[in-house]
Amino acid sequence: MAFDPADRYRLSPRVGLRPEPFGALAYHYDTRRLVFLKSNDLVDLVRSLESHASAADAIDALVDPTTGRRSAYVTALASLCESGVVEPLLEPAA
């Protein structure tokens, strides 16, 4: 499934995050894959995904639009979705 920033996502319940000075290590318990989240801002974004109506809304809430870094976060979330660290959330936003 392709990543769409207009959809809702969440940190997969099958993934554990271990905080590190550079961000976090994400360990997928099913695939045993280890993924590096290379910034604390990305860790905050991933943890907040479920509380927003879409991934785009989560990015807008945490990333200053004047920095021009929005596309980097979209790319990072797409990669994390491909690796199973984040997954689509089909429940409506509360």
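The questions and answers below go through the sheet, a helix and the nonpolar core of a predicted model.

In this predicted model, local features need pLDDT of at least 70 and side-chain atom pairs count only at pLDDT 80 or more, while totals for chains, interfaces and linings use all residues. Residues are numbered from 1 along each chain as its sequence is written, and side-chain values use heavy atoms, with hydrogens and water left out.

Student: Which strands stand at the edges of the open sheet?

Tutor: Strands are DSSP runs of E with at least two residues, numbered from the N terminus, and two of them pair if DSSP finds at least two bridges between them. The sheet has 3 strands with antiparallel pairing, in the order β2-β3-β4. Because each edge strand has a single partner, one side of it is left without a neighbour in the sheet, and these strands are β2 (15-20) and β4 (34-37).

Student: Which residue in β4 is the bridge partner of L25?

Tutor: Strand β3 covers residues 23-28 and pairs with β4 in the antiparallel sense over 4 bridges. In β4, the bridge partner of L25 is F36.

Student: Which element gives the largest share of the largest nonpolar core?

Tutor: A nonpolar core is a set of buried (under 20% relative accessible area, 1.4 Å probe, protein chains only) Ala, Val, Leu, Ile, Met, Phe, Trp, Tyr and Cys residues joined through side-chain atoms within 4.5 Å. The largest one has 25 residues, and L37, L42, L45, L49, L77 and L80 touch the most other members. Two or more residues come from each of β2, β3, β4, α1, α2 (55-62) and α3 (70-82). The largest share, 6 residues, comes from α3.

Terms used: Buried < 20%, exposed > 50% of the residue type's maximum accessible area, 1.4 Å probe, protein only.
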